Amino acid sequence: MNALAGTSRNFRLASRLLGLDSKLEKSLLIPFREIKVECTIPKDDGTLVSYVGFRIQHDNARGPMKGGIRYHPEVDPDEVNALAQLMTWKTAVADIPYGGAKGGIGCSPRDLSKSELERLTRVFTQKIHDLIGIHTDVPAPDMGTNAQTMAWILDEYSKFHGHSPAVVTGKPIDLGGSLGREAATGRGVVYATEALLAEYWKAVKGLTFIIQGFGNVGSWVARLIHERGGKVIAVSDVTGAVKNQNGIDIPQLLKHKEATGSLTGFSGGDSLDPSELLVHECDVLVQCALGGVLNRENAAHVKAKFIIEAANHPSDPEADEILSKKGVIILPDIYANAGGVTVSYFEWVQNIQGFMWDEDKVNKELKRYMTQAFHNIKTMCQTHHCNLRMGAFTLGVNRVARATLLRGWEA
């Protein structure tokens, strides 16, 4: 089941629980606007090459649309559609005043020089500049893009519209980026985990954690759990996996990865087959890698009591059912990884005010938003007698539906 089918299925289940009108349900699923543009640039050797860029703007009932721009060779319109839709529900769950969008360019960023990437980004921005904007659609980095990409978009957009730092988030600090943005998704995952564990009278300290994925999000989650006295007993990424039953020394592992670019050969633990990682004994499994890693083949063997979905769509619906029957508590992606977009919202707010916050304020506000969202989800779970995933979806869908009706969608 692909990402779009999975998201649409969850949306439909939520809309049944909420008793939404079928016409409204259909209207909420259809994207507001889909943009497809040709981007032709001269390569460094003088030859011309064309790429297809696109942006799907899903919904703007609650505010400007928000979502990442990815540079990846297999940019599949269906997946982008799913991710744009997911952003609509995610921003509503976090209660930030945005709708969802997603976009990208079908290219291999590794095969392009820095100047080629800059030309491509600027041409893409020229083609969509009148369809994005501070109060229309605010892009952010995603796979294959970073703060530098956002700086180029900001510069190109500003040539048409005057200095507009709030048009993108995830910018370099020197151009109006927010402090705390780098760690935001990982920090949000930890705040979400703490809120969940508190429901069961538990805390991070003393529990065992396994972290799948050790990129930006995974490494921050590991660092923050280690600081709070949690025991990270296994970690994996594309290079391999490492385990230590007594708890891995995370600062040392970070140093090792920085130095070698890989998890293998780390002296403070034993190597582990990455496929074993998901079914290893632990209290909490945190998924920070790719989608679809838990499926009907391996779900029955999972031994964790709690699963935190820091990645998008890490469990397919079949795995979901198997795990629910086993009594595993799953904290859904639509809430668990909302820390990134929440701090993007703080960045946008700071840019609009022209007044920047210190990092403590950013983290304090993030904790407030993540904790409040968890309590709102729990309220929906009690109202509709459903699990956390449906609690989050009903919360998000209900907020968007209410905004849509209040604005008068039938007129």
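A residue counts as exposed when its relative accessible area is over 50%, as buried when that area is under 20%, and as partly exposed in between. At 51%, arginine 368 is therefore exposed. Keep those cut-offs in mind as you look around this predicted model. The tour below begins with an open sheet of five strands, moves on to two groups of positions that UniProt labels "binding site", and ends with the salt bridges, of which there are 23.

**The five-stranded sheet**

- Reading across the open sheet, the strands come in the order S1-S2-S4-S3-S5, and their pairing is mixed.
- Strand S1 (33-42) and strand S5 (137-141) sit at the edges, each pairing on one side only.
- On average, neighbouring strands of the sheet are turned by 20 degrees against each other, with direction ignored.
- Strands of a sheet pair through backbone hydrogen bonds, and they can do so in a parallel or an antiparallel way.
- One antiparallel pair to look for is strand S2 (residues 48-57) with strand S4 (residues 99-105), joined over five bridges.
- To find a bridge by residue, start at glycine 53, whose partner in S4 is isoleucine 105.
- Helix H4 (residues 114-128) lies across S1, S2, strand S3 (65-71) and S4, and runs at about 140 degrees to S1.

**Binding-site positions Thr185 and Asn216**

- An unreviewed UniProt entry places the feature "binding site" at Thr185 and Asn216.
- These positions are spread over 32 residues of sequence, yet they cluster in space, with a largest C-alpha distance of 8.5 Å.
- Threonine 185 belongs to helix H6 (residues 184-199), and its relative accessible area of 15% makes this threonine buried.
- Setting aside neighbours within four places in sequence, threonine 185 is in contact with Val217, Asn337, Gly339 and Gly340.
- Asparagine 216 is part of helix H7 (residues 216-227), and at 33% relative accessibility this asparagine is partly exposed.
- A polar contact of 2.9 Å joins the side chain of asparagine 216 to the side chain of glutamate 182.

**Binding-site positions Lys66, Lys90 and Ser344**

- The unreviewed UniProt entry also gives the feature "binding site" at Lys66, Lys90 and Ser344.
- Here the positions span 279 residues in sequence, but no two of their C-alpha atoms are more than 13.0 Å apart, so they gather at one spot.
- You will find lysine 66 in strand S3, where this lysine is buried with a relative accessible area of 2%.
- The side chain of lysine 66 reaches the backbone oxygen of valine 138 at 3.0 Å.
- Lysine 90 is in helix H3 (residues 77-94) and is buried too, with a relative accessible area of 6%.
- Beyond its neighbours within four places in sequence, lysine 90 has contacts that include Asn312, Asp333 and Asn337.
- Asn337 is a good landmark: among its contacts are lysine 90 and threonine 185.

**Salt bridges**

- Side chains of opposite charge can pair when their charged atoms come close.
- Glutamate 156 and arginine 122 form a salt bridge in which the closest N and O atoms are 2.8 Å apart.
- Because glutamate 156 lies in helix H5 (residues 147-161) and arginine 122 in helix H4, this pair ties together parts that are 34 residues apart in sequence.
- Both glutamate 156 and arginine 122 are buried.
- Another salt bridge, at 2.8 Å from N to O, joins the side chains of glutamate 194 and arginine 228.
- This pair links distant parts of the chain, with glutamate 194 in helix H6 and arginine 228 in the loop between H7 and strand S7 (231-237), 34 residues apart.
- Glutamate 194 is partly exposed at 24% relative accessibility, and arginine 228 is partly exposed with a relative accessible area of 24%.
- Glutamate 365 and arginine 368 meet in a salt bridge of 2.9 Å, N to O.
- Both lie in helix H13 (residues 359-384), three residues apart, which is about one turn of the helix.
- Glutamate 365 is buried at 16% relative accessible area, whereas arginine 368 is exposed at 51%.
- Elsewhere, salt bridges that share partners join Glu118, Arg122, Asp155, Glu156 and Lys159 into one network.

Notes
Residues are numbered from 1 along each chain as its sequence is written. This is a predicted model: local features need pLDDT of at least 70, side-chain atom pairs count only at pLDDT 80 or more; totals for chains, interfaces and linings use all residues. Side-chain values use heavy atoms; hydrogens and water are left out. Two strands pair if DSSP finds at least two bridges between them. Helices (H or I, at least four residues) and strands (E, at least two) are DSSP runs, numbered from the N terminus. Axes are lines fitted to C-alpha atoms, for helices over the stretch in contact, and angles run from 0 to 180 degrees between N-to-C directions. Contact means heavy atoms within 4.5 Å. UniProt positions are given in the numbering used here, feature names are shortened, and annotations may be inferred rather than shown by experiment. Buried means under 20% relative accessible area, exposed over 50%, partly exposed in between (1.4 Å probe, protein chains only). A polar contact is a pair of N or O atoms within 3.5 Å; within protein, one must be able to donate a hydrogen and the other to accept it, and residues adjacent in sequence count only if both atoms are side-chain atoms. A salt bridge is a side-chain nitrogen of Lys or Arg within 4 Å of a carboxyl oxygen of Asp or Glu.
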